[in-house]
Amino acid sequence: MSNVALLASLAKGKHLKCKYPKHGRQNVLKWHEGVIEKAGFGPNGAYALVRSSEGQYRTLRCDKMLDASLS
């Protein structure tokens, strides 16, 4: 999914699955999966607050997401 299409379809309650750089900056990718709790625009661009099935929260920037899919 392209970045523009991803930004247009981000919404609370949707399920997000994407690859994201480990610790936000390394060249190692990790799968992140969960329900979007909040989506918005901050000073560094668009972001999504994702709650995983284990109950952990993670804020992910949309420009760093790879192979993102929403359902």
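## His32 and its surroundings

Let's start with His32, which sits in strand β2 of this predicted model. Its relative accessibility is 12%, so His32 counts as buried, the limit being under 20%. Setting aside neighbours within four places in sequence, His32 is in contact with Leu16, Lys17, Cys18, Tyr20, Arg58 and Leu60.

Leu60, one of those partners, has a list of its own. Again without neighbours within four places in sequence, Leu60 is in contact with Leu16, Cys18, Tyr20, His32, Ala46, Tyr47, Ala48, Val50 and Met65.

## The sheet

How are the strands ordered? The model has an open sheet of 5 strands in the order β4-β3-β2-β1-β5, and the pairing is antiparallel. At the edges are β4 (57–61) and β5 (66–70), each of which pairs on one side only. On average, neighbouring strands of this sheet are turned by 40° against each other, with direction ignored.

Let's walk across the sheet, beginning with β4. The antiparallel pair β3 and β4 is held over 5 bridges, and here Val50 stands opposite Arg58 in β4. Next, β2 and β3 pair in the antiparallel sense over 7 bridges, with Phe41 opposite Ala46 in β3. Between β1 and β2, which also run antiparallel, there are 7 bridges, and Tyr20 faces Lys30 in β2 across this pair. Finally, strand β1 (residues 15–21) meets β5 in the antiparallel sense over 3 bridges, where Lys19 stands opposite Leu66 in β5.

## Two hairpins and a buried serine

Two of these strand pairs are hairpins. The one from β2 to β3 passes through 2 residues. The hairpin of β3 and β4 has 5 residues between its strands, and Gly55 in that turn has a positive phi of about 90°.

Ser52 lies in the loop between β3 and β4. Is this loop residue buried or exposed? Ser52 counts as buried because its relative accessibility is 13%, below the 20% limit. Not counting residues up to four places away in sequence, Ser52 touches Glu33 and Gly34.

## The nonpolar core

In soluble globular proteins, nonpolar side chains tend to be buried together. Here the largest nonpolar core has 14 residues, and those with the most contacts inside it are Leu6, Leu10, Leu16, Leu60 and Met65. Strands β1, β3 (45–51) and β5 each supply at least two residues of this core.

Leu60 is worth a second look in this setting. Its contacts include Leu16 and Met65, and both of these are also among the residues with the most contacts inside the core.

## The largest pocket

Rolling a probe the size of a water molecule over the atoms shows where empty space is left. In this model, about 200 Å³ of space lies in the largest pocket. Which residues line the largest pocket? They are Lys30, Trp31, His32, Glu33, Val50, Ser52, Glu54, Gln56, Tyr57, Arg58 and Leu60.

The elements that give two or more residues to this lining are β2 (29–42) and β4. Of these, β2 gives the most, with 4 residues. Several residues met above return here: His32, Ser52 and Leu60 are among the lining residues, as are Val50 and Arg58, which stand opposite each other in β3 and β4.

## Arg61 and Asp67

Arg61 belongs to strand β4. Its relative accessible area is 28%, so Arg61 is partly exposed, a class that runs between 20% and 50%. Leaving out residues up to four places away in sequence, Arg61 touches Tyr20, Asn44, Ala46 and Tyr47. The C-alpha atoms of Arg61 and His23 are separated by 12 Å, and these two residues are 38 residues apart along the chain.

Asp67 is found in strand β5, one of the edge strands. With 51% relative accessibility, Asp67 counts as exposed because the value is over 50%. The backbone of Asp67 also deserves a look. Most residues other than glycine have a negative phi. Phi of Asp67, however, is near 50°, a positive value in a residue other than glycine.

How values were computed: Residues numbered from 1 in each chain as written. Predicted model: local features only at pLDDT ≥ 70, side-chain atom pairs only at ≥ 80, totals over all residues. Heavy atoms only, no water. Pairing = 2+ DSSP bridges. Axes fitted to C-alpha atoms, helices over the stretch in contact; angles between N-to-C directions. Core = buried A, V, L, I, M, F, W, Y, C linked by side-chain atoms within 4.5 Å. Buried < 20%, exposed > 50% of the residue type's maximum accessible area, 1.4 Å probe, protein only. Contact = heavy atoms within 4.5 Å. 1 Å grid on protein atoms, 1.4 Å probe; cavity = no way out; pocket = protein on both sides within 12 Å on 5 of 7 lines; lining within 4 Å. Points joined across faces, edges and corners; volume = space filled by probe spheres on them.
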